[in-house]
Amino acid sequence: MAKYLLLKHYRGAPAAVNDVPMGQWAQEEISDHVQYMNDFAARLEKTGEFVDGQALAPEGAWVRYDGEGRPPVTDGPFAETKDLIAGWMVIDVDSYERAVELAGELSAAPGAGGKPIHEWLEVRPFLSAPPTITE
């Protein structure tokens, strides 16, 4: 089994087919979307393929160590992941092909008008070992 991250983006990915920002959805559409995600995760829990998943709140900050005895530095002139990443799901599957299959299914979560979003999801494998440097 190999673990994969299915990453949902607010922006930065190609536009979804049903590209209406969630802030413009009706409350029922949001509830239906969340229910789809929960049902999807529950089904993968039964097959042993679900590891974890979370939606992320819009607030957040960059933090950096700034030296002994000094407070951490926050924020900066960076692209904010809070503007880019909506949430994620970690799956543990037998193959990359299965990860892609599940990402395609998750992409069809309902959105505005109850129609599937058909959003782009980023599929990233977890490192199974530290990278090696070859010269």
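Biologist: Is Tyr4 buried or exposed?
Modeller: Tyr4 counts as buried, at 8% relative accessibility. Buried means under 20% relative accessible area, exposed means over 50%, and partly exposed is in between, using a 1.4 Å probe and protein chains only. Mind that this is a predicted model, where local features need pLDDT of at least 70 and side-chain atom pairs count only at pLDDT 80 or more, while totals for chains, interfaces and linings use all residues. Residues are numbered from 1 along each chain as its sequence is written, and side-chain values use heavy atoms, leaving out hydrogens and water.

Biologist: And what about Tyr96?
Modeller: Tyr96 is partly exposed, with a relative accessible area of 45%.

Biologist: How many aromatic pairs are there?
Modeller: The count is one aromatic pair. The ring centres of Tyr4 and Tyr96 are 6.1 Å apart with planes at 55°, so the pair is tilted. Tyr4 lies in strand 1 and Tyr96 in helix 3, so the pair ties together parts 92 residues apart in sequence. The rule: rings of Phe, Tyr and Trp (its six-membered ring) pair if their centres lie within 6.5 Å; planes under 30 degrees apart are stacked, over 60 edge-to-face, the rest tilted. Helices (H or I, at least four residues) and strands (E, at least two) are DSSP runs numbered from the N terminus.

Biologist: OK, the sheet. What's the strand order?
Modeller: The order is 2-5-1-6, four strands in an open, antiparallel sheet. Strand 2 (50-55) and strand 6 (121-125) are the edges, each pairing on one side only. Strands pair if DSSP finds at least two bridges between them.

Biologist: How many bridges join strand 1 and strand 6?
Modeller: Strand 1 (residues 2-9) and strand 6 share five bridges. For Lys8, the partner in strand 6 is Leu121.

Biologist: Which strands does helix 1 touch?
Modeller: Helix 1 (residues 27-47) packs on the sheet against strand 1, strand 2 and strand 5 (85-93), at about 20° to strand 5. Contact is heavy atoms within 4.5 Å. Axes are fitted to C-alpha atoms, for helices over the stretch in contact, and angles run from 0 to 180 degrees between N-to-C directions.

Biologist: Which strands does helix 3 lie across?
Modeller: Helix 3 (residues 96-106) lies across strand 1, strand 5 and strand 6, at about 140° to strand 5.
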